[in-house]
Amino acid sequence: MQSIAVIGAGTMGCGIAQVAATTGFSVKLVDVAPGVLEKSGQRISESLQRLAKKGVLETSAVDAIQKRISASTDFGLARDADIVIEAVFEDESVKRQTWQNLDAICGDKAIFATNTSSISITQLASATKRPERFIGMHFFNPVPVMKLVEVIRGNRTSDATCASVTELATKMGKTPIEVNDYPGFVSNRVLMPLINEAIFAVYEGVAKPEAIDEVFKLGMAHPMGPLTLADFIGLDVCLNILEVLQKGFGDPKYRPCPLLRQMVAAGKLGRKSGQGFYKY
Ligand SMILES: NC(=O)c1ccc[n+]([C@@H]2O[C@H](COP(=O)([O-])OP(=O)(O)OC[C@H]3O[C@@H](n4cnc5c(N)ncnc54)[C@H](O)[C@@H]3O)[C@@H](O)[C@H]2O)c1
């Protein structure tokens, strides 16, 4: 693989594009919003400068890395890509429509990988005529820092596709871990009930957020407590994933805490809105 198209130039798309270009790939970055693409260039440039300052990158390499990324609102830019990595909004109908468009534009041999946090890979693959070349490639935020890529096989993903994506993730300096396609995969299936239970503990007055987070930092050696992490991920995103788990398994154990619903309705979404379990 030499050419990677990244669809969606938000938080994750920029991170994926940056890491792919840093590891020598030619990157085509596509977003529907022209303003987002302008910001993405600046965002990637700032992130690369920061890494150069820290000594993680040679300063002289920064220019060449940026030159390997071309950006456009035209999906035609993805036409010749060997693999397309999609990181658009976490909305099934938006993702299906995006993949249908790409299926008509891209070469038959191109692999399609979605960075979805929770939507079924098998269901998204059914929007295309290439379910055997469709896979989940779940990067973590911030992409330049986090080592894990959860590689998720859909029901019809071929061994060859899985092997190619595993090799690609490794070339991008990441550690791929293969899992199967069930709601929340492994990461969010295990993490979200932990976060939800921590929120229930606040709701029931068991302890204050600070105390709960300290328990996990000092007692379990977590680098940050579950409520700090929930604020970082976004409380709306946590609620959305819990709803996917609840619906996907039909099991009440995933029911979102009423306090979480109330905070999201009140616009307290965590770090990005200035308030969640903590003030920013
Ligand atoms: N943010 C995280 O921590 C995180 C972690 C892992 C996975 N994810 C997943 O990554 C994906 C993207 O998340 P994000 O946080 O980067 O979102 P974001 O809102 O920052 O970015 C999404 C981008 O997609 C663009 N977009 C929307 N529809 C499009 C389309 N049809 N074609 C092209 N671009 C389109 C938007 O303009 C926006 O720039 C989601 O599926 C999310 O679940 C997010």
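In this predicted model, an oxygen atom of the ligand is placed 2.5 Å from an N or O atom in the side chain of Glu90. Asp31 also approaches the ligand through its side chain, a polar atom of which lies 2.7 Å from a ligand oxygen, whereas Val88 does so through a backbone N or O atom, 3.4 Å from an oxygen atom of the ligand. On its own the ligand has 830 Å² of accessible area, and the protein covers 81% of it. The elements that contribute two or more residues to the surrounding shell are helix H1 (11–22), helix H4 (92–105) and strand S6 (134–139), and H4 gives the most, with three residues. In total 23 residues surround the ligand, with Met12, Asp31, Glu90, Lys95 and Ser117 the closest; sorted by class, the shell holds eleven nonpolar, nine polar and three charged residues.

Turning to the aromatic side chains, a search of the whole structure finds four ring pairs. The rings of Phe200 and Tyr203 have centres 6.1 Å apart and planes at 75°, an angle over 60 degrees, so this pair is edge-to-face. Both residues belong to helix H7 (residues 187–203), where they are three residues, or about one turn, apart; Phe200 counts as buried, at 8% relative accessibility, while Tyr203 is partly exposed, at 45%.

Phe249 and Tyr254, by contrast, form a stacked pair, because their planes meet at 25°, under the 30 degrees required, with the ring centres 5.3 Å apart. Here Phe249 is partly exposed, with a relative accessible area of 27%, and Tyr254 is buried, at 4%. Elsewhere, ring pairs join Trp99, Phe112 and Phe134 into a cluster, and Arg130 lies over the face of Phe112, 4.0 Å from the ring centre.

Key: Residues numbered from 1 in each chain as written. Predicted model: local features only at pLDDT ≥ 70, side-chain atom pairs only at ≥ 80, totals over all residues. Heavy atoms only, no water. Near = heavy atom within 4 Å. Polar contact = N/O pair within 3.5 Å; in protein donor to acceptor, adjacent residues only side chain to side chain. Areas by Shrake-Rupley, 256 points an atom, 1.4 Å probe, with all protein chains shown as cover. Helix = DSSP H or I, 4+ residues; strand = E, 2+ residues; numbered from the N terminus. Nonpolar A, V, L, I, M, F, W, Y, C, P; charged D, E, K, R; others polar. Phe/Tyr/Trp six-rings, centres within 6.5 Å; stacked < 30°, edge-to-face > 60°. Buried < 20%, exposed > 50% of the residue type's maximum accessible area, 1.4 Å probe, protein only. Lys NZ or Arg CZ within 6 Å of the ring centre and 35° of its normal.
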